[in-house]
Amino acid sequence: MEAAARSFAREDTRPLRVYFEDEARFGRMQNPVRCWAPGGFRPLVKLQRVREYTHVYSAVCPKNGDSFSLILPYANTDMMTIFFREFSEYSKRFRVVMVMDGASWHKSNVLDSFDNLRIIHQPPYSPEVNPVEHLWEHIREKYFRNGFRSSMDELESDLSNALLEITLDTETIQKLTGFYWTII
């Protein structure tokens, strides 16, 4: 972390922030989960086996609860480049150290070309050290539990609304992602 922070030019005096980044896949294929119902009543939960997906790219700053998300159609280098370009513009007032996993689309040389971003990769096979994973759990539990969407447009609209609500609630993001070792 310190090496990444020192890699910025000495004359760059913008404040330093640490963000954690991850992607999640959301789609119309879902499995029903347990839910409460009064005795003697069996709840009906619609089930769909349509396989359509979209991806959410998010970066969160556990220290202040700031977040930035984009809904993009695929998880690949091109989409990651779009995310980084937009995030770099969003955070241009800061020097940012971005912590992310070692997915193949995270290792493109194009991602190193942003002057206000430095990347640190997590150890392999360690999703539990990325606090953004807790954001995905929260979204799936609160906004997508036993839901039925008739189209991808409906799913993306619901996803946009959920992300907007969460982005405005910095306290929830801090609670979900603010582990003692992430606050630097």
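Among contacts in the chain between residues at least 6 apart in sequence, what percentage join residues at least 24 apart? In this predicted model, the answer is 66%, and I would like to keep that figure in mind while we go through a few places in the fold.

Let me begin with the chain as a whole, which has five helices and five strands, arranged from the N terminus on in the order α-β-β-β-α-β-β-α-α-α. The C-alpha trace spans about 70 × 35 × 30 Å along its principal axes, and of the 184 residues in the chain, 41% are buried.

I turn now to helix H5, which covers residues 170–177 and whose buried residues are Thr172, Ile173, Leu176 and Thr177. If we look down the axis of H5, these buried residues fall within an arc of 110°, so they line one face of the helix. As a general reminder, an α-helix has 3.6 residues a turn, so residues three or four places apart point the same way. What do the buried residues of H5 pack against? They pack against two strands and two helices, namely strand S2 at 53–61, strand S3 at 66–72, helix H3 at 132–143 and helix H4 at 152–168.

Those last two helices, H3 and H4, also pack against each other, at an angle of about 120° and with their axes 11 Å apart. Angles of 65 to 115 degrees would count as roughly perpendicular and those over 145 as roughly antiparallel, and H3 and H4 are therefore described as oblique to each other. The crossing in which H3 passes H4 is right-handed. On the H3 side, the residues that take part are Leu135, His138, Ile139, Lys142 and Tyr143, and in H4 they meet Leu159, Ala162, Leu163, Glu165 and Ile166. Sorted by class, this contact of H3 with H4 has seven nonpolar residues, one polar residue and two charged residues.

Next, the loop between S5 and H3, where we find Pro131 and also Gln122. Is Pro131 buried or exposed? Pro131 is buried, because its relative accessible area is 1% and the cut-off for buried is under 20%. Leaving aside neighbours within four places in sequence, Pro131 is in contact with Phe20, Pro62, Leu176, Thr177, Phe179, Trp181 and Thr182, and of these, Leu176 and Thr177 are among the buried residues of H5 that I named earlier. Another residue of that buried group, Ile173, is 42 residues from Pro131 in sequence, while the C-alpha atoms of the two are 9.7 Å apart in space.

Gln122, in the loop between S5 and H3, counts as buried too, with a relative accessibility of 9%. Not counting residues up to four places away in sequence, Gln122 touches Val99, Met100, Asp101, Val129 and Asn130. Gln122 and Gly102 are 20 residues apart in sequence, and their C-alpha atoms are 6.5 Å apart in space.

Finally, I come to Arg118, which lies in strand S5, residues 117–121. Once neighbours within four places in sequence are set aside, Arg118 is in contact with Ala4, Ser7 and Phe8, and also with Val96, Val97 and Met98. For the pair Arg118 and Met98, the separation is 20 residues in sequence and 5.9 Å from C-alpha to C-alpha.

Key
Residues numbered from 1 in each chain as written. Predicted model: local features only at pLDDT ≥ 70, side-chain atom pairs only at ≥ 80, totals over all residues. Heavy atoms only, no water. Buried < 20%, exposed > 50% of the residue type's maximum accessible area, 1.4 Å probe, protein only. Helix = DSSP H or I, 4+ residues; strand = E, 2+ residues; numbered from the N terminus. Arc of directions from axis to C-beta. Contact = heavy atoms within 4.5 Å. Axes fitted to C-alpha atoms, helices over the stretch in contact; angles between N-to-C directions. Parallel < 35°, antiparallel > 145°, perpendicular 65-115°, else oblique. Left-handed = near helix turned anticlockwise from the far one by under 90°. Nonpolar A, V, L, I, M, F, W, Y, C, P; charged D, E, K, R; others polar.
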